[in-house]
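Open the model in your viewer and keep the selection panel at hand. We will go from stop to stop, and at each one you can pick out the residues named.

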Amino acid sequence: MSKNKRNLFSNLKYDLPSGLVVYLVALPLSLGVALASTGRSDLLFSGIISGIVGGIVVGSISGSSLGVAGAAAGLVVIVFNALETLGSFEAFLLAVVIAGILQVIAGIMKAGIIGYYFPSSVIKGMLAAIGITLILKEIPHAFGYDADFMGDEAFAQKDGNNTITELFNAVKYSSTGAIIISIVSLGLLILFDKPFMKKIQLFRFLPGALFVVLIGILLNSILPGINPEWKLSGEHLVQLPVATNASEFFGFFKTPDFSAINKIEVFTVAITLAVVASLETLLSVEATDKLDPFKRNTPTNRELIAQGFGNITSGLIGGLPVTQVIVRSSANIDSGARSQMSTIFHGVIFVFSAIFIPKYLNFIPLASLACILLTVGYKLSKFSLYKGMYNLGKEQFIPFIVTIIAILSTDLLKGIAVGMVVAIYFILRKNYKHSYHYVKETHKDGDIITLILSEEVTFLNKGSIGATLDNLPDNSTVVIDGTKSINIDYDVLEIIQDFRKHSAPLRNITVETKGINSVETVGGH
C-alpha cells in the first residue's frame, strides 16, 4: 500500500472542504455542458451523473491525488454531433460504454506513456490559456448575461457570438442585481484568501466559496426589496432538475440501447470519444501534476483505466462521457486538497444534493459561481508564470505564448497541437540526440547506479528518464552525470529536481548530480 493510500483518511480536514469547493465549481459546469451537449433540458441530469461518476468511480480507481473528472466542455461538439448522427441518446450511451472499454484496453496496453511527451512549455501555456479563458468567459455571467452555457471554453460559440463579442453583450445587457452580487462575492473571496482569515478556526474548515454562495442567495432575496428589477431568476440561477417523487428521480437515469450494437456509426463515435477523452485526460494529468504542491506523479496507464471504468459506468446509467478536467482539478488544488478523498467527497455531495436538496440549489445565482471561477482563472494565469517562462529563454517562452494564443483563438486540443508543432521545431533546431547510458554497480552497502546523459537531452527523453528514476531500487545511490551534455532541456531538469527533492528522500535514495544545474518551478506550478 502506498503512502498516499495510507494517508487517505488522515487528510479529511483538508479534503472535505476542498471537495465542497470542487462541487460548487462542478455543479454549474456539469449542467452547462449537459445542456450544450444535448440541446435538451430533459437531459440536464446526464451532467450530474457524470459528476457523480467522475467523483466516486474515477476518484476511487485513479492514482491521481488531486485530479477531478467529470463532463468536459472539450467534448461538447463531439457529443452534439454524435447525437445527431446516432439519432437517440440511448444509442449514444452505448458508444460511451464502448469508448470506456477502449480506454481500459489502452491503459492495459500502457498507452498512457503518451502523456510524457507533452513539453512543459505547452502544458504551462495550456494552464495560462485556460485561466484567461475562464476570466473572459465568466465575466458575462458575473454581469448577469447568461446566454452562453457556463463552462464553455471555445472561442466561437454555438449562438453565433464569440468570447470577445460576448463581453460587449455582457456590458450591454448587464443586470444590476448580478453586478452587486458579483462585487460582494469577489470581495469575500479576496478577504477569505488573506492569511489572517486562515487563523480563524471556523474558516479553516468552511471554505470561502460556501459563504459566497450563501451570501449570493441572501442578497438575491433582499435586493428586490430595494428594486424589484434587481432580482435574478430563471436562466440567471442554477437549474438543477427537481423530481417530485422517487419514480421521477429514477426516470432521470437512462440505459444504453444495446440493439444499436450493429451500427458502424456507434463504433465510429466510440473511437472518437475514446481518443479525444484520453488526450484531454493525459493533458490534464500533466497539468495537475505540475500544480500539485507535493509534486506527485500520476500513473497515466492507471488513469486511462480509471477513466475507462468511469465512462463504462456513466454510459450504463445515462451520464455524459467523462475526462479529467483541469478547471475542477485546479480548484481542488487551490482549496487545499491533499488526496483523492476530496474528489470522492465531491461526488458524494453530487448524490446527496441531487436527492435531497435540488430545489434549494436552484436559488444559487450564477453570478456567485462565476466569481469563484474567476478566482480560479486568475490563479492559473498569474503574472509570475509569464515572467518565469520569459526568463527561461525563447525556446520555452515562444511555444508557451503560441499555445496560449492558439487555445484562446480556437479550442483546447487545436491550440495544444499548434503549441506542440512550435515546441518540436525548437527542439529539432537544436539537433536533437537521444537518450543516456545506464551503469549499475552492486555493492554490499547498496546499488550504485550511474545515468550518463547524452549530449542533447530533450523533453522527448523525459518519459524514459522519469520511468528510470521511478523504478530505481530503494536504499540505492544514483549518480546523474550531465558533464558530457551540451544541452539538457528544462523538462528533464524539472523531473530530476522533483525526484531529488521529493521522491528520493521518501525511498532513501541518495542522489548525486554532475554538471546539472538546479531548476526552480515556475510561477508556483
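The tour below visits cavities, a pocket, salt bridges, a sheet and two loop residues.

Before the first stop, please note that this is a predicted model.

**Stop 1: the largest cavity**

Rolling a probe the size of a water molecule over the atoms shows where empty space is left. In this structure, five cavities of 30 Å³ or more are counted. Begin with the largest cavity, which holds about 390 Å³ of space. Select Glu 286, Asp 289, Asn 297, Ile 495 and Asp 498: of the 21 lining residues, these are the closest to the centre. Now colour helices α13 (264-291), α22 (462-470) and α23 (490-506), the elements that give two or more residues to this lining. Which of them gives the most to the lining of the largest cavity? That is α23, with six residues. If you colour the lining of the largest cavity by class, you will find 10 charged residues, six polar and five nonpolar.

**Stop 2: the second largest cavity**

Move on to the second largest cavity, with about 180 Å³ of space. Select Ala 73, Gly 151, Asp 152, Glu 153 and Val 327, which lie nearest its centre among 19 lining residues. Helices α2 (12-38), α6 (120-142) and α15 (326-334) each supply at least two residues of this lining. The largest share comes from α6, which supplies five residues. By class, the lining of the second largest cavity has 11 nonpolar, two polar and six charged residues.

Keep Asp 152 selected and add Lys 137: their side chains meet in a salt bridge, 3.7 Å from N to O. Asp 152 sits in the loop between α6 and α7 (163-172), while Lys 137 is in helix α6, and the two are 15 residues apart. Are these partners buried or exposed? Both Asp 152 and Lys 137 are buried.

**Stop 3: the second largest pocket**

Next, show the second largest pocket, whose volume is about 920 Å³. Its lining has 29 residues, and those closest to the centre are Phe 192, Asp 193, Lys 198, Asp 334 and Ser 335. To see where the walls come from, colour α2, α8 (176-192), α10 (201-205), α11 (208-222), α15 and α18 (366-380), since each of these elements gives two or more residues to the lining of the second largest pocket. The residues of this lining divide into 16 nonpolar, six polar and seven charged.

**Stop 4: more salt bridges**

How many salt bridges does the structure hold? There are 10 salt bridges. For the next one, select Arg 296 and Asp 292, whose side chains meet at 2.9 Å, N to O. Arg 296 has a relative accessible area of 22%, so it counts as partly exposed. Asp 292 has a relative accessible area of 3%, so it counts as buried.

Then select Lys 124, Lys 290 and Glu 494 together, as these residues are linked in a network of salt bridges.

Finish this stop with Asp 474 and Arg 507, a salt bridge whose closest N and O atoms are 3.0 Å apart. This pair links distant parts of the chain, 33 residues apart: Asp 474 is in the loop between α22 and β6 (477-481), and Arg 507 is in the loop between α23 and β8 (510-514). Asp 474 counts as partly exposed, because its relative accessibility is 47%.

**Stop 5: the sheet**

Now switch to a cartoon view. Four strands form an open, mixed sheet in the order β3-β4-β6-β8. β3 (436-441) and β8 stand at the edges with a single partner strand each, so one side of each has no neighbour in the sheet. From one strand to the next, the twist averages 15 degrees. Zoom in on β6 and β8, which run parallel and are joined by five bridges. Here you can select Val 478, which stands opposite Val 511 in β8.

**Stop 6: two asparagines in loops**

Most residues other than glycine have a negative phi, and most peptide bonds are trans. Select Asn 475 in the loop between α22 and β6. Although not a glycine, Asn 475 has a positive phi of about 65 degrees. Asn 475 is partly exposed, because its relative accessibility is 47%. The last selection is Asn 508, in the loop between α23 and β8. Asn 508 also has a positive phi, of about 55 degrees, and is not a glycine.

Notes. Residues are numbered from 1 along each chain as its sequence is written. This is a predicted model: local features need pLDDT of at least 70, side-chain atom pairs count only at pLDDT 80 or more; totals for chains, interfaces and linings use all residues. Side-chain values use heavy atoms; hydrogens and water are left out. On a 1 Å grid over the protein atoms alone, a cavity is a set of points where a 1.4 Å probe fits but cannot get out, and a pocket is an open set with protein on both sides within 12 Å along at least five of seven lines; lining residues have an atom within 4 Å of a point. Grid points are joined across faces, edges and corners, and a volume is the space filled by probe spheres set on the points. Ala, Val, Leu, Ile, Met, Phe, Trp, Tyr, Cys and Pro count as nonpolar, Asp, Glu, Lys and Arg as charged, and the others, Gly among them, as polar. A salt bridge is a side-chain nitrogen of Lys or Arg within 4 Å of a carboxyl oxygen of Asp or Glu. Buried means under 20% relative accessible area, exposed over 50%, partly exposed in between (1.4 Å probe, protein chains only). Two strands pair if DSSP finds at least two bridges between them. Axes are lines fitted to C-alpha atoms, for helices over the stretch in contact, and angles run from 0 to 180 degrees between N-to-C directions.
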